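Here's a short set of exercises on pockets. Have a go at each task before you read its solution.

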Amino acid sequence: MTSTVTFASARPVELRGDATLPVLLDRMLGQWEFEKRFKDKRVAIKMHLGGGVGYSTIHPFLVGRVVKAVIEAGGKPFLTDSAYSVESARERGYTQEVLGAPILPVSGLDDTYVYTKQVNFRQLDTVDLAGTIVDADAMIVLSHGKGHGCSGFGGAIKNLKKGCVNGSTRGKIHRLMNSTFEWDASKCTGCLLCRDNCPNDAITFEDGKISINDHACKYCMHCVLACPNKAITIDQEGYRYFQTGMALTTREVLRTFEPERVMFVTALLQITPFCDCWGFTTPSLVPDIGIVAGDDIVAVETASIDLIKAGDFIEGSLPSPLKRSGTGHLFEQIHGKNPYIQIEECEKLSMGNRKYELKSVD
């Protein structure tokens with residue numbers, strides 16, 4: 001079978017307002033029978049609301065169009081993300097007044113409102129699914145496509161596996177990488193960028209020596225990427241295990257819904273090398289591409305990565321100390337990770353089909 005993925009281009013063919021992305025997004029969403037999917041349903045719109053001084057998350061104006069489409073179809077939408085992102089969402093323009101729907105913490109204000117599910121994969125014996133997601137009747141996975149230090153690409157799969165569980169589960173998934181840290185003191189200049197870019201405050205320096213709190217560390221690779229002298233290395237033999245853990249968690253999230261009640265919408269705009277969780281924004285690696293949508297997560301993720309082409313790379317956009325290797329997908333060149341592996345793992349679990357037909361919206 002071949003899945004359908006619709007595509008609204010960010011590059012207008014004519015200089016008219018109704019040829020630009022917001023209107024094309026409206027038309028695209030209208031092709032997916034929202035009334036049949038979402039009428040009288042509580043619809044969770046799961047997205048990453050960002051943090052810190054980042055500004056490359058999905059623009060509130062576009063998010064509002066998605067909310068409006070659900071409301072016009074008779075659905076009852078709400079936005080949801082982790083509590084710490086919800087707390088600062090208004091700084092990026094995400095408010096109920098602007099979006100037209102409330103914004104709720106995905107697993108409660110204290111990150112404890114969860115439903116535990118068995119997965120029994122290596123040390124990932126269980127995952128704690130966010131209660132706000134499980135309680136919803138339907139879901140739109142509204143993702144910002146960009147690079148990611150652990151999986152190469154962060155889109156819908158990343159949005160579900162990291163955004164629909166609590167912090168403890170996120171840590172367990174990262175630990176599937178079974179990584180070993182090595183620190184080369186001769187290369188370290190004491191700039192502390194590794195410490196300052198650790199999202200869990202797992203790194204400290206005492207008497208000029210690094211100390212890593214293994215209980216706090218999520219193996220997110222931020223320290224490795226931030227170090228300008230490559231003083232920190234991580235053995236990543238468990239990389240495939242990490243991708244499998246992502247896929248298993250994504251499957252458990254999707255199992256809580258009837259298949260026809262879930263849509264995947266991914267914005268390929270302001271495509272940076274880093275996840276939005278870094279809390280700051282760097283230049284776009286390629287020109288804005290557009291937005292894709294579909295009801296098959298494997299097809300939507302595959303199309304998203306396919307549309308990001310190394311040949312479109314904008315010279316000078318890659319921040320130091322990152323460099324391109326020249327081999328493989330653009331994100332593989334930057335992060336050394338094949339971005340398609342997470343998709344392969346999802347396909348193995350019968351979550352969708354990598355074969356797709358891309359239909360552009362006029």
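The exercises below look at two pockets in this predicted model.

**Exercise 1.** Find out how much space lies in the largest pocket, and which residues lie nearest its centre.

*Solution.* Start with the volume: the largest pocket holds about 470 Å³ of space. Next, look at the lining, which is made up of 29 residues. Of these, His-48, Ser-82, Tyr-84, Ser-85 and Cys-277 lie nearest the centre.

**Exercise 2.** Work out which elements give two or more residues to that lining, and what classes its residues belong to.

*Solution.* Go through the elements: helix H4 (83–87), strand S7 (138–144) and helix H7 (156–163) each give two or more residues to the lining of the largest pocket. Then pick out the largest share, which comes from H7 with four residues. Finally, sort the lining by class, and you get 15 polar, eight charged and six nonpolar residues.

**Exercise 3.** Now do the same for the second largest pocket: give its volume and its lining.

*Solution.* The volume comes to about 290 Å³. Around the second largest pocket sit 16 lining residues, and Met-221, Val-224, Leu-225, Lys-230 and His-335 are the ones nearest its centre. As for elements, helix H10 (222–226), strand S13 (232–235) and helix H13 (330–335) give two or more residues to this lining. S13 gives the most, with three residues. Last step, the classes: the lining of the second largest pocket splits into eight nonpolar, five polar and three charged residues.

Technical notes. Residues are numbered from 1 along each chain as its sequence is written. This is a predicted model: local features need pLDDT of at least 70, side-chain atom pairs count only at pLDDT 80 or more; totals for chains, interfaces and linings use all residues. Side-chain values use heavy atoms; hydrogens and water are left out. On a 1 Å grid over the protein atoms alone, a cavity is a set of points where a 1.4 Å probe fits but cannot get out, and a pocket is an open set with protein on both sides within 12 Å along at least five of seven lines; lining residues have an atom within 4 Å of a point. Grid points are joined across faces, edges and corners, and a volume is the space filled by probe spheres set on the points. Ala, Val, Leu, Ile, Met, Phe, Trp, Tyr, Cys and Pro count as nonpolar, Asp, Glu, Lys and Arg as charged, and the others, Gly among them, as polar.
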